[in-house]
Amino acid sequence: MARPMTESHRRFLQIMMTSGIIELSKAKSLIRHCCDDQSAHAQLDEFIDVINAQLQPMFMQIRKGMSEDDGRQYYALVNMAETDVTRMSSDYADNELELFRKTMDLIVDSENGSASSTDILNCADSLQTKKMKKKEVEHVLNRLVQDKWLNEKQGDYTMSTRCIIEMEQYIRNVYQDLVKPCYMCHSLAFQCQMCENPECGIKVHLPCVARYFKSHIDPQCPACKEYWPHEIPVLRSESASQTAQPRENATPTPSGSHSRRQRKR
Ligand SMILES: [Zn+2]
Ligand SMILES: [Zn+2]
């Protein structure tokens, strides 16, 4: 039998509905703020389970996931009913959704989990639904960043944490074996490094690489123990206490999928 939501649960849910995604430490402080009862915020996961039990009949769920940028944990409010980008159709026109799908194609096909604005602009010429001008493309990309579907850094676009948490099933269905989970945390990996042993080929998120090699000095693949030829990234959020330095002679190439087989549509 599901436990009833209190005023605190309702307030927390309202904030989740407005922001879509919140960082773990913010969630903790929110619960402290929402809960008058000091014991109620002791267990964040339990607190969220109570809300999730109430959300289930509406095919909604609050889910946890990791940011590929800084390795921090986030909670996102996920619509479980839609298994496609059509979940965004109330906010985006058909050609805008097509542009978003094409951007995801570029990101999945890339070596480093990102798509350049130039490549996205180029594929806007081949939109089937309705062509877009350069200005329109830029406007849509800005909105996708604002709505937390994409991240942008110096003209390169990556999938946001919200996008990966919320679109996980869609991405697995569409891209199948073109996408791989991270060997360390088992979430889908885009901004990652890949083992170069063809027998192995595991992928590991950049923050997961940073954490793993903090306690493993030998540059060996965690799965097959072959030489790990990539530069070990430094976690920004933990960089103050970071001791592991990039190795000399390491090739700074976060590698992606070698295979570019036909994806299922
Ligand atoms: Zn990982
Ligand atoms: Zn390996």
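## A loop residue, a core and a sheet

Me: Where is the place of I202?
Reply: Look for I202 between two strands, strand 9 (192-194) and strand 10 (203-205). Strands (E, at least two residues) and helices (H or I, at least four) are DSSP runs, numbered from the N terminus. I202 is in the loop between strand 9 and strand 10.

Me: Which pLDDT do local features need in this predicted model?
Reply: Residues are numbered from 1 along each chain as its sequence is written, while chains are lettered from A and ligands numbered from 1 in the order in which they are written. The model is predicted: totals for chains, interfaces and linings use all residues, side-chain atom pairs count only at pLDDT 80 or more, and local features need pLDDT of at least 70.

Me: Is I202 buried, exposed or partly exposed?
Reply: A residue is buried with 20 or more other C-beta atoms within 10 Å of its own, exposed with 12 or fewer, and partly exposed in between; C-beta atoms are placed from the backbone. I202 has 19 such atoms within 10 Å. I202 is therefore partly exposed.

Me: How far apart in space are I202 and P181, C-alpha to C-alpha?
Reply: Contact means C-beta atoms, placed from the backbone, within 7 Å. Leaving aside neighbours within four places in sequence, I202 is in contact with Y183, C195, C221 and A223. P181 is 21 residues from I202 in sequence. Their C-alpha distance is 8.4 Å.

Me: Which residues have the most contacts inside the largest nonpolar core?
Reply: A nonpolar core is a set of buried Ala, Val, Leu, Ile, Met, Phe, Trp, Tyr and Cys residues joined through C-beta atoms within 7 Å. The largest one has 62 residues, and those with the most contacts inside it are Y75 and V204. Its largest share, 7 residues, comes from helix 7 (residues 161-175). So the names asked for are Y75 and V204.

Me: Which residues of helix 3 are buried?
Reply: Helix 3 (residues 44-55) has 12 residues and reaches 17 Å from its first C-alpha to its last, close to the 16 Å expected at 1.5 Å a residue. The expected span is 1.5 Å times one less than the number of residues. What covers its buried residues includes helix 1 (7-19), helix 2 (24-34), strand 2 (60-66) and strand 3 (73-79). The buried residues are F47, I48 and I51.

Me: Why are the buried residues on the same side of helix 3?
Reply: Helix 3 buries F47, I48 and I51. The directions from the helix axis to their C-beta atoms define the arc. The face turned away from the buried side carries the exposed residues D45 and E46. The buried residues share a side because they cover an arc of only 90°.

Me: Which strands stand at the edges of the open sheet?
Reply: This sheet has 3 strands in the order 1-3-2, with antiparallel pairing. Strands pair if DSSP finds at least two bridges between them. Each edge strand has a single partner strand, so one side of each is left without a neighbour in the sheet: these are strand 1 (21-23) and strand 2.

Me: How many bridges join strand 2 to strand 3?
Reply: The two strands form a hairpin with 6 residues between them, and G71 in the turn has a positive phi of about 75°. M60 has N79 as its bridge partner in strand 3. On the other pairing, 3 bridges join strand 1 to strand 3. Between strand 2 and strand 3, the count is 7.

Me: What angle does the direction of helix 7 make with that of strand 3?
Reply: Axes are lines fitted to C-alpha atoms, for helices over the stretch in contact, and angles run from 0 to 180 degrees between N-to-C directions. E23 stands opposite Y74 in strand 3. Helix 3 packs on the sheet, touching strand 2 and strand 3, at about 135° to strand 2. Helix 7 touches strand 1, strand 2 and strand 3, and its angle with strand 3 is about 45°.

Me: Which residue in the loop between helix 3 and strand 2 has a positive phi?
Reply: The phi is near 55°, in a residue other than glycine. The residue is exposed, with 11 other C-beta atoms within 10 Å. In the loop between helix 3 and strand 2, the residue is F59.

Key:
Contact = placed C-beta atoms within 7 Å.
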